Amino acid sequence: MAHLYNRDQGVVWIGSNATLVCNREGYELIPVKNREGIELTHRAQLVGPFEDGGIRDHATNWGECIRNKSIQTNSPVEKGAFATILAHMGNISYLTQTKVVYDPKTKKFINNPQADAYVKPPYHNGWEFPGI
């Protein structure tokens with residue numbers, strides 16, 4: 001997303017009624033306009049920063065954790081997993097053309113075996129999913 005939407009980092013979700021742009025400084029919902037020029041939803045924006053020091057301190061902390069073999073990150077894996085799951089849900093919904101509802105306890109989609117097929121794809125050539 002480098003320098004798109006006037007930001008140098010972050011993530012963008014493009015929807016049918018609006019585009020949601022998120023990064024460590026906040027988020028912005030940018031409405032799509034119909035043929036008459038009327039916005040299909042309300043514009044919204046929330047400005048941060050939401051993390052002290054922003055991306056530079058985040059990257060520094062990550063590097064220090066690697067060097068020191070420490071798990072004391074400013075962004076624990078659970079936080080990253082939550083954000084990643086949301087992105088995967090959007091992709092899987094698009095790929096299956098179905099509504100998806102994810103159950104974090106079972107790590108499966110509710111009543112959607114077609115979507116579940118994307119959660120843990122079949123491995124090949126002797127590879128197995130590691131047990132945790």
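Okay, so when I say two residues are in contact, I mean they have heavy atoms within 4.5 Å of each other. Keep that in your head, and remember that what we're looking at is a predicted model.

Let's start with A115. If we skip its neighbours within four places in sequence, A115 is in contact with I92, T96, V100 and F109. Now, some of those names come back when we look at the largest nonpolar core. That core has six residues: M89, I92, V100, Y102, F109 and A115. As a bit of background, nonpolar side chains in soluble globular proteins tend to be buried together.

Stay with that core for a second, for the rings. How many aromatic pairs does a search of the whole structure find? Just one. The partners are Y102 and F109, with ring centres 5.4 Å apart and planes at 70°, and because an angle over 60 degrees counts as edge-to-face, that's what we call this pair. Both Y102 and F109 are buried, too.

Next up, strand β2, which covers residues 18-23 and includes T19. Is T19 buried or exposed? T19 is buried, because its relative accessibility is 10% and the cut-off for buried is under 20%. Again leaving out neighbours within four places, T19 touches Y5, V12, W13, I14, E28, L29 and I30.

See E28 in that list? That's my way into the charges. Side chains of opposite charge can pair when their charged atoms come close. In this model there are three salt bridges.

One of them joins E28 to R7, at 2.7 Å from N to O. Those two are 21 residues apart along the chain: E28 is in strand β3, residues 26-31, while R7 is in the segment before β1. Both ends of that bridge, E28 and R7, are buried.

E28 also forms a salt bridge with R43, with the closest N and O atoms 3.3 Å apart. Here the partners are 15 residues apart, and R43 is in the loop between β3 and β4. So how do the two ends compare with the surface cut-offs? E28 counts as buried at 14% relative accessibility, whereas R43 is partly exposed at 46%.

Then R43 pairs with E39 as well, at 3.8 Å from N to O. E39 is partly exposed, at 33%. Put these together, and the salt bridges that share partners join R7, E28, E39 and R43 into one network.

That's my tour, thanks for listening!

Definitions and conventions. Residues are numbered from 1 along each chain as its sequence is written. This is a predicted model: local features need pLDDT of at least 70, side-chain atom pairs count only at pLDDT 80 or more; totals for chains, interfaces and linings use all residues. Side-chain values use heavy atoms; hydrogens and water are left out. A nonpolar core is a set of buried Ala, Val, Leu, Ile, Met, Phe, Trp, Tyr and Cys residues joined through side-chain atoms within 4.5 Å. Buried means under 20% relative accessible area, exposed over 50%, partly exposed in between (1.4 Å probe, protein chains only). Helices (H or I, at least four residues) and strands (E, at least two) are DSSP runs, numbered from the N terminus. Rings of Phe, Tyr and Trp (its six-membered ring) pair if their centres lie within 6.5 Å; planes under 30 degrees apart count as stacked, over 60 as edge-to-face and the rest as tilted. A salt bridge is a side-chain nitrogen of Lys or Arg within 4 Å of a carboxyl oxygen of Asp or Glu.
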